[in-house]
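Here are a few exercises to work through with the viewer open. Try each task yourself before reading its solution.

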Amino acid sequence: REDGTFSVLAGEKPALYWFVTKDPIKLGAKLAMHGTVAKVHKVPDGSLTGLDGGNLEVDQAVYAPRPVEPKWTEAVQRAMSRPLFHYQRDGAAWLAQQLSQGHGAILCDDPGLGKTTQSISAIAALELWPVIVVCPTTLKFNWAREFEWSRIQPVVSIIESTRKVNLNADVIIVNYDIIKQLEIPLAEIGAKAIVFDEAHLLKENFPSTT
């Protein structure tokens, strides 16, 4: 929501509950909900109860957070010139820790929660330059704008076509449509990290060997 809170619909039919909270809800968490009943709406096969002043208790034994060293939480925030939401710090810190150990990682947050910001925070914290960002054409300039929030201002190159290619940059942003034609020059820059945005686009019904 615009004020930084989260609208939550929880429970299962026939009993559904709706309320507003300051904290994001983790998928799979077991919750205990508290609040005063504000209004009850009839919905198909059940009811929707609105809670006033609703709050949550999360059963951590059911949903244990991933262990992340505190140094990474501090590092990802220092790497950015604007504050991160606490859930973005958690995600970016976990991502930075994974990358620092030579592992890959997949961020699967809901749309709008800042996967781009988390990725950039982790990359900047580890100074993984040069980095290649592969994304749909419509998102290339968004990635470039987001990199402007890095405290260490990287040189960004947006590859528009295979005819005009500038790979002398800290960040190379390229779209899926042309990446195969640039495979060799991109491989030669020695990227320290590669980000695939909308990674489901990597799937091919008929993979090519070329």
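**Exercise 1.** Which residues of H1 are buried?

Some ground rules before solving: this is a predicted model, in which local features need pLDDT of at least 70 and side-chain atom pairs count only at pLDDT 80 or more, while totals for chains, interfaces and linings use all residues. Residues are numbered from 1 along each chain as its sequence is written, and side-chain values use heavy atoms, with hydrogens and water left out.

*Solution.* Start with the terms. Helices (H or I, at least four residues) and strands (E, at least two) are DSSP runs, numbered from the N terminus. Buried is under 20% relative accessible area, exposed is over 50%, and partly exposed is in between (1.4 Å probe, protein chains only).

- Step 1: the buried residues of H1 turn out to be Trp 72, Ala 75 and Val 76.
- Step 2: these residues sit on the same side of H1, because they cover an arc of only 95° around the axis. The arc is taken over the directions from the helix axis to the C-beta atoms.
- Step 3: flip to the other side of H1 and you'll find Pro 70 and Arg 78 exposed.
- Step 4: H2 and H3 are among what covers the buried residues of H1.

**Exercise 2.** Zoom in on Val 76: which residues is it in contact with, leaving aside neighbours within four places in sequence?

*Solution.* Contact here means heavy atoms within 4.5 Å.

- Step 1: Val 76 belongs to helix H1 and, at 0% relative accessibility, counts as buried.
- Step 2: leaving those neighbours aside, its contacts are Leu 84, Arg 89, Ala 92, Ala 93, Ala 96, Ser 121, Ala 122 and Ala 125.
- Step 3: for one of these, Ala 93, the C-alpha atom is 6.1 Å from that of Val 76, although the two are 17 residues apart along the chain.

**Exercise 3.** Take H2: what do its buried residues pack against?

*Solution.*

- Step 1: check the length. The 15 residues of H2 should span 21 Å at 1.5 Å a residue, and the end C-alpha atoms are 21 Å apart, so the two agree. The expected span is 1.5 Å times one less than the number of residues.
- Step 2: list the buried residues of H2, including Tyr 87, Gly 91, Ala 92, Trp 94, Leu 95 and Gln 97.
- Step 3: strand S1 (6–12), H1 and H3 are what they pack against.
- Step 4: after H2 comes Gly 102, with a positive phi near 80°.

**Exercise 4.** What lies 3.2 Å from a polar atom of the side chain of Gln 97?

*Solution.*

- Step 1: place Gln 97 in helix H2 (residues 86–100); with a relative accessible area of 9%, it is buried.
- Step 2: the partner atom is the backbone oxygen of Pro 67.
- Step 3: beyond four places in sequence, Gln 97 contacts Pro 67, Val 68, Glu 69 and Trp 72.

**Exercise 5.** Which residues in the largest nonpolar core touch the most other members?

*Solution.* A nonpolar core is a set of buried Ala, Val, Leu, Ile, Met, Phe, Trp, Tyr and Cys residues joined through side-chain atoms within 4.5 Å.

- Step 1: among its 27 residues, those touching the most other members are Trp 129, Val 131, Val 133, Trp 143, Phe 147, Val 171 and Ile 173.
- Step 2: elements giving two or more residues include helix H3 (115–126), strand S5 (131–135) and helix H4 (140–147).
- Step 3: H2 provides the largest share, five residues.
- Step 4: apart from this core lies another, of nine residues, among them Ile 159 and Leu 182.

**Exercise 6.** How many aromatic pairs does the structure hold?

*Solution.* Rings of Phe, Tyr and Trp (its six-membered ring) pair if their centres lie within 6.5 Å; planes under 30 degrees apart are stacked, over 60 edge-to-face, and the rest tilted.

- Step 1: there are four aromatic pairs.
- Step 2: Trp 143 and Phe 147 make a tilted one, 6.2 Å centre to centre with 35° between the planes.
- Step 3: both lie in helix H4, four residues apart, about one turn of the helix.
- Step 4: Trp 143 counts as buried at 2% relative accessibility, and Phe 147 is buried with a relative accessible area of 1%.
- Step 5: ring pairs also link Phe 6, Phe 85 and Tyr 87 into a cluster.

Notes:
A polar contact is a pair of N or O atoms within 3.5 Å; within protein, one must be able to donate a hydrogen and the other to accept it, and residues adjacent in sequence count only if both atoms are side-chain atoms.
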